[in-house]
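Here is a walk through one protein model, written for someone who would rather look at residues than at statistics. Keep the viewer open and click along.

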Amino acid sequence: MRSPCAPDCPVLHRACRAFAVALATLLLGACAAGTGIDLRYRAVSQDSRVRFIIVHFTQADFERSLRRLTREEVSSHYLVDVDPPRVFQLVPEARRAWHAGPSYWQGATALNASSVGIEIVNLGNGDDPARGYAPFPDRQIERVIGLIREIARRHGVRPDRILGHAEVQPRTRTDPGPQFPWRRLAEAGLVPWPDPARVAAARVRFESVPATVMWIQERLAAHGYDVPRDGVLDSATRRVISIFQMRYRPARYDGDPDAETAALLEVVTAPGGLLLADGQGRWMPFRPE
Ligand SMILES: [Zn+2]
């Protein structure tokens, strides 16, 4: 755009003023409003700060869950009600919600900073180990699946970084618990699942030669958990085994390192051991990156 003003124009006459206004308007279009910062260039090397999606149950009804997550010193980005399964956003995704606490996965810590948290209204087991866990209605799970799919797509979250709260904080948490249907999320193509043929073959081997506690601990750590590595089957190790079982073998989550658990652990940590559904009923090898 060429100025109608001569370089030596002694006065800013009407045409010059009109040109100046037009130019300023054009430049402002590429500026953050009122900041004077020019936004016209964008680097190709960047990604979302969101690397994990963490799933919780609230262990309370809707009213109590909402009050706690909006009024107290805990929060989450989303709250999913039961029936109807309405979805509420309580914290914008660009901001940090306080849902994961002291947390760890594959060397990453303090996951509030790098995650989106989803709280699902569900009574859990009421913190009573003797009580069973409450189921999640189908419609609620369908809503959760749709929500996770959208968040993962928006931020490019890897399928193996969609986790339960207990997986990143196994010492004190069990949510979303053994009733949460991770297998359905796998069938929907959201999370990877261990190759069942390899699990069956490995199980036969572990039935004749059981895995050592040290091996179990090393595989749990390789998978991502914060777990002791001292060869002792103590309560901390049993808790992590139980959390692993809740996800991959929820029919029994007693923390015993049985042959099926060892087989699942071997397969989830072996190259090519995890499969990802493609949405058309086919399972393909999952490659993290
Ligand atoms: Zn939680």
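Which residues of α6 are buried? In this predicted model, they are V199, A202 and F206. Seen down the axis of α6, its buried residues fall within an arc of 70°, so they line one face of the helix. That pattern goes with a general rule: an α-helix has 3.6 residues a turn, so residues three or four places apart point the same way.

Turn α6 around and you'll find A197, V204, E207 and S208 exposed on the other side. The cover over its buried residues includes β8, α7 (213-223) and α9 (259-269). The helix itself runs over residues 196-208, and its 13 residues should span 18 Å at 1.5 Å a residue; the end C-alpha atoms sit 19 Å apart, which agrees. At the N-terminal end, D195 acts as the cap, with a side-chain oxygen 3.1 Å from the backbone nitrogen of A197.

**A small open sheet**

β8, one of the elements covering α6, also belongs to an open sheet of three strands, ordered β8-β9-β10 with antiparallel pairing. Residues 193-194 make up β8 and residues 283-285 make up β10; these two stand at the edges with a single partner strand each, so one side of each has no neighbour in the sheet. Between β9 (residues 274-277) and β10 there are three bridges, and L276 faces M284 of β10 across that pairing.

**The enclosed strand**

Now move to β6, residues 115-120. Six of its six residues are buried, so the strand is largely enclosed by the rest of the structure. Both faces are covered: S115, G117 and E119 are buried on one side, and V116, I118 and I120 on the other.

Who sits beside it? β1 runs parallel to β6 and is joined to it by six bridges, with F52 opposite S115. β2 is also parallel to β6, this time through three bridges, and here V80 stands opposite I120. In general, strands of a sheet pair through backbone hydrogen bonds, either parallel or antiparallel.

**The zinc site**

β1 brings us to the metal. Three residues coordinate the zinc ion at 2.0 to 2.2 Å: H56 and H165, each through ND1, and D175 through OD. Along the chain the donors follow the spacing H-x108-H-x9-D. H56 lies in strand β1 (residues 52-57), while D175 lies in the loop between α4 (165-168) and α5 (182-187), so the pair ties together parts that are 119 residues apart in sequence. Are these two donors, H56 and D175, buried or exposed? Both are buried.

**Backbone oddities**

The D175 story has a twist, since the peptide bond from D175 to P176 is cis, with omega near 10°. P176 is in the loop between α4 and α5. A second cis peptide bond links D83 to P84, with omega about 0°, and P84 is found in the loop between β2 and β3 (87-89).

Two non-glycine residues with a positive phi are also worth a click. Here they are side by side:

| Residue | Phi | Loop | Relative accessible area |
|---|---|---|---|
| Q59 | about 60° | between β1 and α2 | 23% |
| A110 | about 45° | between β5 (108-109) and β6 | 46% |

With those values, Q59 counts as partly exposed, and A110 is partly exposed too.

**A buried serine in a loop**

Last stop: S75, in the loop between α2 (62-71) and β2 (78-80). Its relative accessible area is 12%, and that makes it buried because the cut-off is under 20%. What does the side chain of S75 reach? It gets to the backbone nitrogen of W98, at 2.8 Å. Setting aside neighbours within four places in sequence, S75 is in contact with L69, V91, A97, W98 and H99.

Conventions. Residues are numbered from 1 along each chain as its sequence is written. This is a predicted model: local features need pLDDT of at least 70, side-chain atom pairs count only at pLDDT 80 or more; totals for chains, interfaces and linings use all residues. Side-chain values use heavy atoms; hydrogens and water are left out. Two strands pair if DSSP finds at least two bridges between them. Helices (H or I, at least four residues) and strands (E, at least two) are DSSP runs, numbered from the N terminus. Buried means under 20% relative accessible area, exposed over 50%, partly exposed in between (1.4 Å probe, protein chains only). A polar contact is a pair of N or O atoms within 3.5 Å; within protein, one must be able to donate a hydrogen and the other to accept it, and residues adjacent in sequence count only if both atoms are side-chain atoms. Contact means heavy atoms within 4.5 Å. The expected span of a helix is 1.5 Å times one less than its number of residues. The arc is that of the directions from the helix axis to the C-beta atoms. Donors are N, O and S atoms within 2.8 Å of the metal (3.2 Å for Na, K and Ca); water is not among the atoms, so sites may look incomplete.
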